[in-house]
Amino acid sequence: MANIICIVCPKGCRLTVDEKTLAVTGNGCPRGAEYGKNELTHPVRVVTSTVRVEGAAIARCPVKTAGSVPKEKMAGVMRALDGVRLTAPVRRGDVAVADVCGTGVDVVVTRDLPAR
């Protein structure tokens, strides 16, 4: 049995997952059951960070992955973001990095930053 705290919503249900059958208990909703199963078989996360931006009033721009990436690729995603430089203006939803680390997931801008 594995004990996991669900992170799908702010409720934070305490899940118990049978490692053999993947039966989940303690979830308050169906999303928690899915999260518990996925956490044992193939954990994924949304990555949030910032990247450099030139020509804007502030030097860094918030970004996030447009979907979940495998947990084992998170460090690679962060390394890829370290070298990114955007040029203002940028708009929320703009793709900062396409198909980051071969995951099929884009990194997108989460804040409008007009040019100075």
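**Group meeting talk: a predicted protein model**

Good morning. In this protein, 44% of the contacts with a separation of 6 or more join residues that stand 24 or more positions apart. Please keep in mind throughout that the model is predicted.

Let me begin with the overall architecture. The protein contains two helices and ten strands. Following the sequence from its start, one meets these elements in the order β-β-β-α-β-β-β-β-α-β-β-β. The radius of gyration is 18 Å, whereas the globule rule gives 13 Å for 116 residues, so the protein is more spread out than a compact globule. The C-alpha trace spans about 55 × 25 × 15 Å along the principal axes.

I turn next to the surface and the charges. Of the 116 residues, 33% count as buried. The protein exposes about 7000 Å², and carbon and sulfur atoms supply 52% of that area. There are 17 positive and 11 negative side chains, and 6 Å lies between the centres of the two sets.

I should now like to examine individual residues, starting with arginine 45. Is this residue buried or exposed? Arginine 45 has a relative accessibility of 17%, and the limit for a buried residue is under 20%, so arginine 45 counts as buried. Its place is in strand β4, which covers residues 44-45. Which side chain forms a polar contact with that of arginine 45? The partner is glutamate 39, at a distance of 2.9 Å. Setting aside residues up to four places away in sequence, arginine 45 also touches several others, including Ile7, Tyr35, Thr65 and Met74.

Threonine 65, one of those neighbours, belongs to strand β6, residues 60-65. With a relative accessibility of 1%, threonine 65 counts as buried. A polar atom of its side chain lies 2.7 Å from the backbone oxygen of glycine 67. Beyond four places in sequence, the contacts of threonine 65 include Arg45, Val47, Val77 and Val107.

Our next residue is in a helix. Lysine 37 is part of helix α1, residues 30-41, and counts as partly exposed at 39% relative accessibility. Its C-alpha atom is 9.0 Å from that of aspartate 18, although 19 residues separate the two along the chain. When neighbours within four places in sequence are left aside, lysine 37 is in contact with Leu22 and Val24.

That brings us to leucine 22 itself, which is located in the loop between β2 (14-17) and β3 (24-25). Its phi is near 60 degrees, a positive value in a residue other than glycine. Leucine 22 has a relative accessible area of 23% and is partly exposed.

A positive phi occurs at aspartate 99 as well, where the angle is about 45 degrees although the residue is not a glycine. Aspartate 99 sits in the loop between β9 and β10 (107-109). At 40% relative accessibility, aspartate 99 counts as partly exposed.

One last item concerns the backbone. Where does proline 89 lie? Its place is in the loop between β8 (85-87) and β9 (95-97). The peptide bond leading from alanine 88 to proline 89 is cis, with omega near 5 degrees.

To close, I would ask you to locate two residues in the model. Arginine 45, in strand β4, counts as buried, whereas lysine 37, in helix α1, counts as partly exposed. Thank you for your attention.

Notes: Residues numbered from 1 in each chain as written. Predicted model: local features only at pLDDT ≥ 70, side-chain atom pairs only at ≥ 80, totals over all residues. Heavy atoms only, no water. Helix = DSSP H or I, 4+ residues; strand = E, 2+ residues; numbered from the N terminus. Rg over C-alpha atoms; globule rule 2.2 N^0.38 Å. Buried < 20%, exposed > 50% of the residue type's maximum accessible area, 1.4 Å probe, protein only. Contact = heavy atoms within 4.5 Å. Areas by Shrake-Rupley, 256 points an atom, 1.4 Å probe, with all protein chains shown as cover. Lys, Arg positive; Asp, Glu negative; His and termini not counted. Charge placed at Lys NZ, Arg CZ, Asp CG, Glu CD. Polar contact = N/O pair within 3.5 Å; in protein donor to acceptor, adjacent residues only side chain to side chain.
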